[in-house]
Amino acid sequence: MKKLLVLSAMAAMLASGTAMADTSGKKIAFSNNYAGNSWRQAMLDSYAIVTKKAVEDKIVAAADIFTTADKEVPTQAAQVQNLILQGYDAIVINAGSPDALNGAVKQACDAGIVVVSFDGIVTEPCAYRVVVDFKDMGRQEVEQMAKFQPKGGNLLEIRGLAGTSIDDAIHAGILEGVAAHPQFKIVGSVTGDWDQTTAQKAVATILPSLPDIVGVVDQGGDGYGAAQAFAAAGKPRPTIIMGNRQDELKWWKEQKDKDGYQTWSASIAPGVSSLAFWVAQQVLDGRTDIPHDLLVPYLAFTQDDFEAALPKIKEGGVATHEYTQEDALAAIKANIK
Amino acid sequence: MLRSLLPALSLALVVIAIAWLNPRAISYFGFTLMLNLAIPIALATIAQMFVIAGNELDLSIGTFVGFVGCVTATWLKDAPLLGVIILVGAIGVYALLGALIHLRNLPSIVVTLGMSFVWQGLAILVLPKPGGKAPDWLLSLMAFKPPYIPFPIIAALVIAAVVHFGLMRTSYGVILRGSGGNPAALRRAGWSLLRTKITLFALTGLFGVLSGMALIGITTSADANIGNGYTLLAIAGVILGGGEFVGGRVSPIGAVLGALTLALAASPLLTFMHIPPDWQVAANGAILIIVLAARVLISRRER
């Protein structure tokens, strides 16, 4: 009996080995460490939409979502270990820590599981990383600012969640941009935690101590709060870079309708979760030419196209882009040099 | 009787539920994976148990574990001697806290709440960005694969046996528990309550250090926030294991079982239940409430 089992298992392995481009029997899990803001909700929505269709189309057998109850790293490490036990073939992960999950991720790789991280990436070499070029986004903010404020002047910077790699990268990009455009000077910096309320409070606190500000460079999720703080303080409205949130774009439209206000908006699309899913699917499909570090573009809106995007964003949501399998293949191809 | 069996009973229930949901998990490999993160929780629970035995509460154990983790992943690897000195010094700080709380008659909740921010701050100073690496000997210890019985189970048995012997079977263990049960009687009998308090807090520090090291041995790398969740888990583990907040009534074996139950109920059980993502966070809380409420109900009926 046992021999028979072993034989049939081997036969099954052989069958799946020969049948390339078939992942219909594969199960992909999504390990997520936090669901408590609009960006994360949009990320989960995008993932659910894309994977539901993939399961219906029989591209994969299952794509389940698991969110940890607290933001703690050990909880997520335990979750990854449980997913290994559950027999998933791949794990898509938005990790709570770039390094402290490496132990669990390595165990998953050793068990033959494909691990694809995005947004909150893991540094374990065996995992795949879908990264957005946040540094370029920061640099681009200053580039755009130079268009709207060619004379230059004082800038206020709003930082994100302290101690995260994303905050670090965007900040580095902004500094690079300012170095390339010496007409700008950052005269103040506050922590906005990617949250409108926090940003509004922080900006309101620092405003009285600042000279005239021509522009605000930020990280997304903080632009509307900054605008409110400037309005409440009775200060002239600066050029505030936006971060694709619905409330930000709505405010932008109101200002534009009033007096032709100009700015620029960029952020990582929450739908990048769906890209991570397709990367996992492609690796399971037997592709070995996919680089472990995939760079994907951020989602940006300009004066010309933001109004078209606005109605499509949910109230209180974030602009997103769901990746189809073709989009994903194109994104992967762009990374193979 | 039922009361002392309860921790073992709730653990058995959770294991049965897991076996029913995912038979694959009931194996050498499965238990190794499911329980290895329970070792640091068990050690943190034992640490918490010592202060609770002395009628105190430690709200800083979580961030302390995080601080130890950061030291383990940095100095203990690069400059072992310095690392050991810092960790021993940290235990010394705990002993001093015990003395301070006793001499100034301060509420331990206030002192340790304050200390939790101190440890957190120090952890961020040691490791401003997540990173570092566990010493190799620690990695190989935590990845040890003994024949037949998974390592986490052996570790849990050893922890429970050692602490049970020390606290329940030695004469000074009786004094330590007595300092929580009836301090007035102890004082009249000529025992130094200052000494017992210092000992209890130092033991908390010691097991906190062990917990942090075990945690980093598993995760391989540290993060300043890595232990934050342990404060409440440790308290819940002690209570689930049959301990009481006052009166020196604690049980080391129960505490270890309680920690294992919490570790299994919170994560593997939840993952295997396939709850829709929107409800997972609430379900985790519900499981904890059910498990703890069952314990309270049964011990109340006994009274």
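In what order do the six strands of the open sheet in chain A stand? I read the order as E2-E1-E3-E4-E5-E11, with parallel pairing. I note that the model I consulted is a predicted one.

**Entry 1: the sheet of chain A**

I looked up the edges of this sheet and found E2 and strand E11 (293-296) of chain A, each of which pairs on one side only. Averaged over neighbouring strands, and with direction ignored, the turn of one strand against the next is 20 degrees. I then followed one pair within the sheet. Strand E1 (residues 27-32) and strand E3 (residues 90-94) of chain A run parallel and are joined by five bridges. For A:Asn32, I recorded A:Asn94 in E3(A) as the bridge partner. I also checked which helix crosses these strands: H3(A) lies across E1, E2 and E3 of chain A, and runs at about 170 degrees to E1(A).

**Entry 2: the contact between the chains**

I counted 29 residues of chain A in contact with 32 residues of chain B. On the chain A side, strand E2 (62-67), helix H3 (73-86) and helix H4 (102-110) each supply at least two residues. H3(A) gives the largest share of that side, 12 residues. By type, the residues of the chain A side divide into 13 nonpolar, 12 polar and four charged.

**Entry 3: B:Ser108**

I next examined B:Ser108, which lies in helix H7 (residues 108-126) of chain B. Is this residue buried or exposed? I entered B:Ser108 as buried, because it has 24 C-beta neighbours inside 10 Å and 20 or more suffice for that class. Leaving aside residues up to four places away in sequence, B:Ser108 touches B:Val51, B:Glu56, B:Leu57, B:Asp58 and B:Ile101. I also took the separation from B:Ala294, 186 residues away along the chain: the two C-alpha atoms are 28 Å apart.

**Entry 4: two positive phi values**

I looked for backbone angles worth a note, since most residues other than glycine have a negative phi. A:Trp194, which is not a glycine, has a positive phi near 60 degrees. I located A:Trp194 in the loop between strand E7 (184-191) and helix H7 (196-206) of chain A. A:Trp194 counts as buried because 25 C-beta neighbours lie inside 10 Å.

In chain B, I found a positive phi of about 70 degrees at B:Thr220, again not a glycine. Where does B:Thr220 lie? I placed B:Thr220 in the loop between helix H12 (193-219) and helix H13 (230-240) of chain B. With 24 C-beta neighbours inside 10 Å, B:Thr220 is therefore recorded as buried.

How values were computed. Residues are numbered from 1 along each chain as its sequence is written. Chains are lettered from A and ligands numbered from 1 in the order in which they are written. This is a predicted model: local features need pLDDT of at least 70, side-chain atom pairs count only at pLDDT 80 or more; totals for chains, interfaces and linings use all residues. Two residues are in contact if their C-beta atoms, placed from the backbone, lie within 7 Å. Helices (H or I, at least four residues) and strands (E, at least two) are DSSP runs, numbered from the N terminus. Ala, Val, Leu, Ile, Met, Phe, Trp, Tyr, Cys and Pro count as nonpolar, Asp, Glu, Lys and Arg as charged, and the others, Gly among them, as polar. A residue is buried if 20 or more other C-beta atoms lie within 10 Å of its own, exposed if 12 or fewer, and partly exposed in between; C-beta atoms are placed from the backbone. Two strands pair if DSSP finds at least two bridges between them. Axes are lines fitted to C-alpha atoms, for helices over the stretch in contact, and angles run from 0 to 180 degrees between N-to-C directions.
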